[in-house]
Every structure is written in structure tokens, then in C-alpha cells.
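Trainee: I'd like a close look at how one patch of the interior is packed, rings and all. Could you walk me through it slowly?

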Amino acid sequence: MDNRDNIDFGRMHIPRLFIKLFIPTLLGLVFNAMLTLADGIFVGQGIGSNALAAVNIAAPIFLIGLGVSLMFATGVSVVAAVHLSRGNNKAANINATQALTVPFVVMALVGVLIAVFAPQLCYLFGGSQMLEPLVVEYLTYISPIPALTVLVHVGGFIIRLDGSPKYAMYVSVIPAMLNIFLDWLFVFPLNLGLMGAASATTISEAVGAIMALAYLLYFPNTLRLYKPKFSRTSLRLTMRNLGYMMKLGFPTFIAEMAISVLMIVGNFMFMSFLREDGVAAFSVACYLFPLVFMFGNSIAQSQLPIISYNHGQAAHQRVRRTLRLSLALTAISGVAISLLGMLAFRPLISMFLTSGTRAFDICVEGFPLFATSFVFFSLNVVIIGFYQSVERATEAIAFMFLRGFVLVIPIFIALPHIIGVNGLWLAVPLSEALTLAVLAVWSKKRLILT
């Protein structure tokens, strides 16, 4: 399909093909995780635990924006991969252009609303009067992120499908490295507080967006941006195509919404039981979660174009081999990360919070319990991602709702009242384990995991 990275989704040996996609995808997500960690470390150590709590109050807003980006990114990956597998390059180009431009405009408007309604959003997402000034400061300067995220993530998926996963990796790696430097510069030498931390993230994401656009405009291989048309028929077809991509990518949006809801409910519950120090402790778990997410998500992203392309060609044996390889890698990495979180939690927590503070002590007591969720979470992401890849969106959406809303919200609210503070930390592991049990039974019944 491509002579640049020598990728052939239809004929290349599955393990070799998977590795060619997985390594740059994982490296890109590692640097994304480093970006998130750098934010947390510099905010926690350079500004304080209340600032860390304020960022955790604001974070769900941007996870929703990320969810919109990944919804269209996943949807266009599946649709465009199927079109390319059938030689319909023009349709793939049109889909790619639609998935990039329309969500960008919508998220730009959302960014304006975030800046205007920052005080109200603070309380809506679990904040307090003490945290309001910090939340408002952060939201004001980071409000362009939703629009920039569309360009980075949708563009990255298109670039990866275009046969250039290494360049897609650079779109993540270079902004992450820049963000780490700018975080240090703005928070410590320049002492700009949360305004500096937010500005560092915004500037870095803008660089990634420019890199993605530069590739798509000047260096594409097969997938090219298509000049949009604005006739009534074109607009109707655009809405139809976007609707189908949203349907396919909706489980990914639900996944991000689930994390967002988890953080919102968690903020309210930790504030209720342990006040601002509890929210700061919970924020450490939220900051470390991308380290878990990057493994499961990189496996899910790597399997997606392989499975979708071969599904489009009815190469069912290659689809099953890819799924089995994905599940094996996920199980191994998930167990390793869970054990790391349960055994090496003190140095991880000390990166964010000062030892001896109340927030640090709360986190030390609870984080090993929270870490038991990592292996279940990773497997859930990959299995649900498979359903998306083969255009079984209804099942994927149902499972995402199950894990993201139906189970975690009532468990998070009820469990702390039943077993005390430990219930705050065990709510996520319990909901993820129950989801995996349901997925295993359903998929075994449908002969998917056999």
C-alpha cells in the first residue's frame, strides 16, 4: 500500500506488520503520557497540591474534547481503510477531509465557551470556592486545546493510515518534548503559575497541529485533503459521512467520556470524604492513568487499521490472528503495569506530592488498590476496539456504556459508603473487572475469543 514505510496491510506477516505499527504508536503515546506527567510534576512540585487539584477539576472538560477528536479519528480510520482496501481512494480522501475540518470548527467554538464560562465549569466539575481562582486561570489559557487536539489526533490517525506511522509518532513526540521544556521554563524560572503550565501545553499542541497539517497538505502519499464543496448535495453527503464515522467512533468517545465521568464523580466523592487533599491525591492516580492507557490504547490503535483493512477484504483468518496477538500483548503488559503500580507506588507519588503532606499520605494508602484496575482496563480497551474495527459499533457502544456509566458511577457512589475510604480507590477496579467478565462471556459466546 505504501512504499514509504513498506506497509502492506493485506499481505505482510501479521506479527511484523503489528510491530511496525505498534512501536511508533507506543512511542508517540509514551511521549503523550510524558507530557501529561510533566504537567502534573511541575504543577504539583512548582505550584502546590491545590493547583494539582485544580487541574484535576479542569481535566474532564478536555477529555471530552479529546473524545470528540478520537471519535472522528477512529471512525475515519475504519471507513478510509475499507475504502482503500477496495481501491476507492477518492472516497477515502473525502472522508479524511471531512473528519478533520468539521470537528475542528466545532471544537474551536467549544474553546471559546470554556474560556467564557470557566467559573461555572469549576463548580460543575467538582471544584470548591478555594479552588475556583486556580481553575479559572488554568481554563482561560488552555481553552484552545480542544480545537488543536482535533488536528493532532485526527491528523495522526490519517497519517498512520497513509503509511507513515513514524511521522505520526513525531507529531506526538516533538510537542511532548517541547511541553516538558516549556513547563519547566514557565513554572520555575519565570514563575508564571498555572497560566504558565496551561500556556506550555497550548503552545506545544499548536506545534503538533502544524506538523500534522504540513504533512497532509504537502507530503501525503495516498490520503490527500480534498477541496470541500458547499452545494446542498455535498453538505448532505458530508453529514451522512460524518454520521457514519461518529457511529463507528462513538465507542471511543464514550471511552473518553467514561474517564471524564470517572474524574468528575471521583472529584465529588474525594471532596466529600477527604476535601481538597483527597482531590489532590486522586489527581495523582489520574495523572498516572495515561501510563496505563498508552499500552492498551497503542495496541488497540495498532490493531485497528490491520483488522479494518482485512475485514474489508474478508480476510477473516488475518483478523483473528491480529486479535489474538493483541490480547496476548495486552495481558502481559497489563499484569506488569498493575504489579508496578502496586509495588513501586511511593516513588511515583513522590514525583507529584511532597512526602509527609496529608495529600501524599492519602495517596500512598489508596493507590495500590487503584492499581489493580490496570490489567482489566487494558483488556477492555483492546476487546472493545476490536468490535469497532469490524464495524460492530452497536456492541462496542453498549460495552462502553456498561463500563463507563452503568457500572462505575453507582459503584463509585455506593462503595465508599459501604466499606469506607478504601471504596474510593476500589470502585474503578471493581467496575473494570465486572466489564471484562461480561465481555469475555459475550465474546466467547460469539466465538470471537476462541
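Mentor: Let's begin with the nonpolar core, home in on one residue, and then turn to the empty space.

Bear in mind that this is a predicted model, where local features need pLDDT of at least 70 and side-chain atom pairs pLDDT 80 or more, while totals for chains, interfaces and linings use all residues. Numbering runs from 1 along each chain as its sequence is written, and side-chain values use heavy atoms, without hydrogens or water.

The largest nonpolar core has 155 residues; a core here is a set of buried Ala, Val, Leu, Ile, Met, Phe, Trp, Tyr and Cys residues joined through side-chain atoms within 4.5 Å. The members that touch the most others are Leu-139, Ile-349, Leu-353, Phe-367, Phe-412 and Trp-425. Helix α9 gives the most to this core, with 36 residues (helices are DSSP runs of H or I, at least four residues, numbered from the N terminus).

Now zoom in on Phe-412. Leaving aside residues up to four places away in sequence, Phe-412 touches (heavy atoms within 4.5 Å) Leu-262, Val-265, Gly-266, Met-269, Phe-270 and Phe-282. Leu-424, Ala-427 and Val-428 are also among the residues that Phe-412 touches.

Look at Phe-282 in that list. Phe-282 and Phe-412 are both buried, meaning under 20% relative accessible area with a 1.4 Å probe. The two form an aromatic pair, 6.3 Å centre to centre with 90° between the planes, so by definition edge-to-face (ring centres within 6.5 Å, planes over 60 degrees apart). Phe-282 sits in helix α9 and Phe-412 in helix α15, residues 408-419, so this pair links parts of the chain 130 residues apart. The structure holds 19 aromatic pairs. Ring pairs also join Phe-270, Phe-282, Phe-367, Phe-370, Phe-374, Phe-412 and Trp-425 into a cluster.

What about gaps? There are five cavities of 30 Å³ or more, a cavity being a set of points on a 1 Å grid where a 1.4 Å probe fits but cannot get out. The second largest cavity has a volume of about 190 Å³, volume being the space filled by probe spheres set on the points. Its lining (residues with an atom within 4 Å of a point) has 15 residues, with Thr-252, Asn-297, Ala-300, Val-381 and Gln-388 closest to the centre. Helices α2, α9 and α13 (374-389) each give two or more residues to that lining. Helix α9 turns up again with the largest share of this lining, eight residues.

Methods:
Buried means under 20% relative accessible area, exposed over 50%, partly exposed in between (1.4 Å probe, protein chains only). On a 1 Å grid over the protein atoms alone, a cavity is a set of points where a 1.4 Å probe fits but cannot get out, and a pocket is an open set with protein on both sides within 12 Å along at least five of seven lines; lining residues have an atom within 4 Å of a point. Rings of Phe, Tyr and Trp (its six-membered ring) pair if their centres lie within 6.5 Å; planes under 30 degrees apart count as stacked, over 60 as edge-to-face and the rest as tilted.
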